[in-house]
Amino acid sequence: MGVLASVVVAIVKIPFEWLFGAAIRFYKMAKKFPTLRRELTSNINYLEQRIPLISRTRIVWVSENLTRTMEDGKELARRCDEGNLNFFEKAKYAKKIVEWDESRQRIWQLVQNDANLVAQNQNQDLVTTWCAVPELPKNRVKMDAPLAEMKLKLLGDDARSMLVLTAPGGCGKTTLANMFCHEQVVTDKFKDNIFFATVSNKPSHLVVQELCQHARFRVPALENEQIAFIWLPQFFMEAGQNPLLLILDDVPSASESLLHKFNEIQIPDYKILVTSRYQFPNFGSLYNLQPLTDKDALTLFHRSAFLPNTSCNIPDDLQIQIVNCCKRFPLAITTVGMSLRNQPVEKWRIKLTELSKGSSILDSEQKLLALLKSCLDDLNKEMAPVKDCFIDLALFPEDQRIPVASLLDMWAELHEGSNDDDSIVNLYHLTFRNLASLVVTRTKDLDGYYGEHFVVQHDMLKLLSIRASHDEDPTGHRLIVDIHGDELPPWWTEKKTWKARLVSVLTPWWTEKKQKTKKARLVSVITGESSSTEWHNMDLPKGEVLVLNFQAKNYALPKFMKKMCKLKVLIVTNDGFSPAELSDFELLCSLSNLKRLRLEHISIPLIRENIIPSKSLKKISLFMCNVSQAFGNSSIQIFETFPYLEELHIDYCNDLVKLPAKLCDLIGLKVLSITNSHKLSVLPEDIGKLENLEVLRLRSCTGLEKLPGSIEKLNNLYFLDISNCSSIKTLPEGIDKMNGLRKINMAQCSRLDELPESVYDLGPQLEKVICDEDARIFWEPVLSNPNKITVAKEEFQPELAPQTSDLRAIFPR
């Protein structure tokens with residue numbers, strides 16, 4: 001065949017193959033047409049029955065779109081029924097039916113997700129604290145002039161709908177926005193329709209999710225920005241029926257698209273106040289927050305440096321000079337003031353010398369960080385553990401509350417001889433110096449339970465702790481890696497291209513970073529929504545603590561954990577809205593030294609049968625987890641996997657209905673703590689087999705109706721907590737047989753209106769009883785010393801106890 005003939009054949013062959021393939025596709029679609037037409041009619045009938053039910057809920061957007069989809073389907077069905085359709089017409093309409101059905105399924109999935117959420121929140125009408133206006137800080141000064149100007153710019157007759165409050169970090173933007181929300185003219189206008197959302201580095205869909213949750217909308221878990229922005233108009237449609245004020249706090253420059261979506265909503269009496277270090281010139285009006293006045297700065301400094309009603313022997317000029325060095329930045333003033341409280345005048349002079357060495361103008365965040373660092377450096381050798389505590393806070397992501405329980409687990413295993421009391425004292429030292437804040441969501445238990453204590457930090461202090469973890473850790477004690485998307489640090493990957501090899505030779509930094517993984521004892525990996533597993537090739541032979549944070553529906557434990565022969569503490573936290581499915585759970589049994597495991601917002605998986613039980617794990621903490629699958633009637637359960645447990649903490653696990661009987665085989669268990677699991681209705685009858693149990697905490701298990709009779713066999717039980725178990729009506733008859741019992745907390749047990757007679761025999765051994773005022777009369781004849789009775793203050797009503805979907809409201813990032 002000649003060259004010309006070959007070219008002609010090649011030209012003709014391509015379109016022929018394309019036409020042949022198209023014909024096959026047409027044939028297949030035409031053949032499916034009768035079946036698809038029947039399915040179309042069936043789906044339309046189904047929608048006609050369901051849409052009236054859906055329209056009664058608050059998901060108006062979904063209802064409207066389903067109605068529109070149904071009408072489109074009716075029109076499509078009418079066309080399909082018009083006379084005899086030829087081969088090509090059947091293929092065309094078959095394709096349209098498929099496209100219509102795909103659209104129907106996408107919307108219907110939102111309905112199903114919403115139905116699941118409604119089922120979770122049945123009979124629940126709690127106003128969540130997500131996006132609620134925070135309480136005003138105690139240590140603040142009046143800011144009348146800025147507040148007046150902000151009210152004029154945002155609420156005046158010619159005011160625009162958005163105001164951007166901007167200033168460098170540490171100037172008090174969030175505090176001022178908070179004060180604005182508490183102004184009388186603001187509360188009179190917007191009343192309860194004020195939303196305070198912290199943005200920071202949070203994904204946009206989580207911001208929208210929290211707004212909808214605070215407004216008590218029954219929305220599904222919004223998985224991405226696209227879905228979230230579909231729901232955003234619905235939020236404004238409902239919340240905007242009355243005057244609406246929205247605070248978007250700490251908005252980074254990368255969130256301009258989020259501001260655009262909020263700004264394009266046009267409804268009457270709708271105002272947005274944005275706080276940011278960036279000016280966002282394309283949005284609304286601008287207000288540049290200036291530093292405090294000299295008078296206000298000195299007032300704030302006095303409140304920080306001196307206790308109320310105490311005399312001061314520090315010269316006025318020395319105080320003024322130190323305040324001037326802080327350049328009227330509130331964060332700098334309070335932190336420096338706290339560091340000098342109760343210090344001799346000599347220490348004040350040394351601090352002034354240190355601050356004077358820096359730049360005379362505090363005009364950047366770098367210099368503010370330098371000033372804050374000087375306060376951190378004040379922690380001398382005796383306070384070195386406190387400084388280490390501060391630096392360890394860098395292991396956790398920004399803009400989140402850090403569970404104190406996680407910190408206590410870390411420090412208990414890292415520092416030989418350390419106990420929880422020492423660690424809590426160190427945290428209080430940080431609080432006293434304004435380097436962190438300790439938030440207590442409930443009053444402290446008798447037994448020192450810190451499951452509802454959290455540490456929070458200003459973002460500048462968080463940045464300081466992160467920098468300190470790099471600058472003041474020459475031995476490579478800590479390794480913190482924040483992965484954005486699927487981008488890995490160049491020193492991480494094992495793939496050595498010629499460029500990588502060249503960089504590793506010429507750049508000591510590369511080698512240093514690579515070696516740091518081999519030295520690190522504390523490791524933190526933050527992956528956000530990344531689904532990549534390429535980072536799983538780390539080599540961490542000395543790692544003792546591993547903190548994993550992510551925001552994803554599915555998460556696989558990293559396989560490099562198999563080689564972490566020294567790992568003692570593993571903390572896995574999902575910061576997404578829905579509990580994440582966790583895979584490769586069996587890896588935990590390969591960790592021969594793992595002692596403490598904390599899982600937060602995780603769906604605990606079913607354990608396979610061919611797993612080798614772990615002999616090392618002593619403590620498991622499950623916080624806001626789904627546990628029904630792991631605790632179900634499987635042949636292998638989580639308790640058989642970890643038979644040597646000494647502590648089991650189950651907090652806010654709302655799908656926990658019944659504890660499996662095999663729990664009672666954990667005869668080494670010393671602490672069983674179950675709190676805020678409202679569906680828990682019964683304890684195993686054989687709970688008396690837990691012969692070594694010392695603490696049984698069942699706080700806020702409002703569905704629990706009684707304690708099993710076998711509880712009388714728990715002779716080593718020291719503390720029993722049934723506070724806020726509002727369904728329990730009586731204590732077990734054999735409670736007098738519990739020879740080790742010393743403390744009982746039965747506060748807010750509203751239905752428990754009598755005590756068994758046997759309790760009189762228990763009286764002499766009891767050291768403390770916490771109860772309500774009404775129950776005091778029952779205990780006074782039992783306890784010879786009335787000082788043993790503590791009347792509890794009411795914290796919250798049982799009927800308002802939060803369900804699973806509200807937990808992130810109580811513990812916001």
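Here a biologist and a modeller talk through a predicted model, one question at a time.

Biologist: Let's start with charge pairs. How many salt bridges does a search of the whole structure find?
Modeller: Side chains of opposite charge can pair when their charged atoms come close. In this predicted model, the whole structure was searched for such salt bridges, and the total is 20.

Biologist: Which residue forms a salt bridge with lysine 151?
Modeller: Lysine 151 lies in helix α4 (residues 144-155), and its partner is in the loop between α5 (173-181) and α6 (184-190), so the pair ties together parts that are 32 residues apart in sequence. Lysine 151 counts as partly exposed at 23% relative accessibility, and the partner is partly exposed too, at 22%. The closest N and O atoms are 2.8 Å apart, and the partner is glutamate 183.

Biologist: Is aspartate 721 buried or exposed?
Modeller: Aspartate 721 sits in strand β21, and its side chain meets that of arginine 699 in a salt bridge (4.0 Å, N to O). Arginine 699, at 7% relative accessibility, counts as buried. For aspartate 721 the relative accessible area is 0%, and under 20% means buried, so the answer is buried.

Biologist: What is the distance between the closest N and O atoms of glutamate 712 and lysine 737?
Modeller: Glutamate 712 is partly exposed at 23% relative accessibility, and lysine 737 is partly exposed at 46%. These two residues form a salt bridge, and the distance between their closest N and O atoms is 3.5 Å.

Biologist: Which residues are linked in a network of salt bridges?
Modeller: Two of the members, Asp409 and Glu413, are also among the buried residues of helix α16. The complete network is Asp409, Glu413, Lys595, Arg596 and Lys619.

Biologist: Staying with α16, how many of its eleven residues are buried?
Modeller: Helix α16 covers residues 404-414 and is mostly covered. Its buried residues include Val404, Leu407, Met410 and Trp411. The number buried is ten.

Biologist: How far apart are the end C-alpha atoms of helix α18?
Modeller: Helix α18 has 13 residues (459-471), and at 1.5 Å a residue they should span 18 Å. The expected span uses one less than the number of residues. The model agrees with that expectation, because the end C-alpha atoms are apart by 18 Å.

Biologist: Where is asparagine 724 found, and what is its phi?
Modeller: Asparagine 724 lies in the loop between β21 (719-721) and β22. With a relative accessible area of 2%, asparagine 724 is buried. Although asparagine 724 is not a glycine, its phi is positive, at about 60°.

Biologist: And which loop holds aspartate 250?
Modeller: Aspartate 250 also has a positive phi, near 55°, in a residue other than glycine. At 19% relative accessibility it counts as buried, because the cut-off is under 20%. Its place is the loop between β3 (244-249) and α9 (256-263).

Biologist: What separates the C-alpha atoms of threonine 641 and leucine 617?
Modeller: Threonine 641 is in helix α21 (residues 638-641) and counts as buried at 1% relative accessibility. The two residues are 24 residues apart along the chain, and their C-alpha atoms are separated by 9.7 Å.

Biologist: Last one: which residues form a negative surface patch?
Modeller: One member, aspartate 753, lies in the loop between β22 (743-745) and α22 (759-762). Aspartate 753 is exposed, because its relative accessible area of 51% is over 50%. The patch is formed by Glu733, Asp753, Glu754 and Glu757.

Note on methods
Residues are numbered from 1 along each chain as its sequence is written. This is a predicted model: local features need pLDDT of at least 70, side-chain atom pairs count only at pLDDT 80 or more; totals for chains, interfaces and linings use all residues. Side-chain values use heavy atoms; hydrogens and water are left out. Patches are made of residues with over 30% relative accessible area and no salt bridge: like charges are joined within 9 Å, nonpolar side chains (Val, Leu, Ile, Met, Phe, Trp, Tyr) within 5 Å. Accessible areas come from the Shrake-Rupley method with a 1.4 Å probe; for residues, only the protein chains shown count as cover. Lys and Arg count as positive and Asp and Glu as negative; His and the chain ends are not counted. The place of a charge is taken as NZ of Lys, CZ of Arg, CG of Asp or CD of Glu. Helices (H or I, at least four residues) and strands (E, at least two) are DSSP runs, numbered from the N terminus. Buried means under 20% relative accessible area, exposed over 50%, partly exposed in between (1.4 Å probe, protein chains only).
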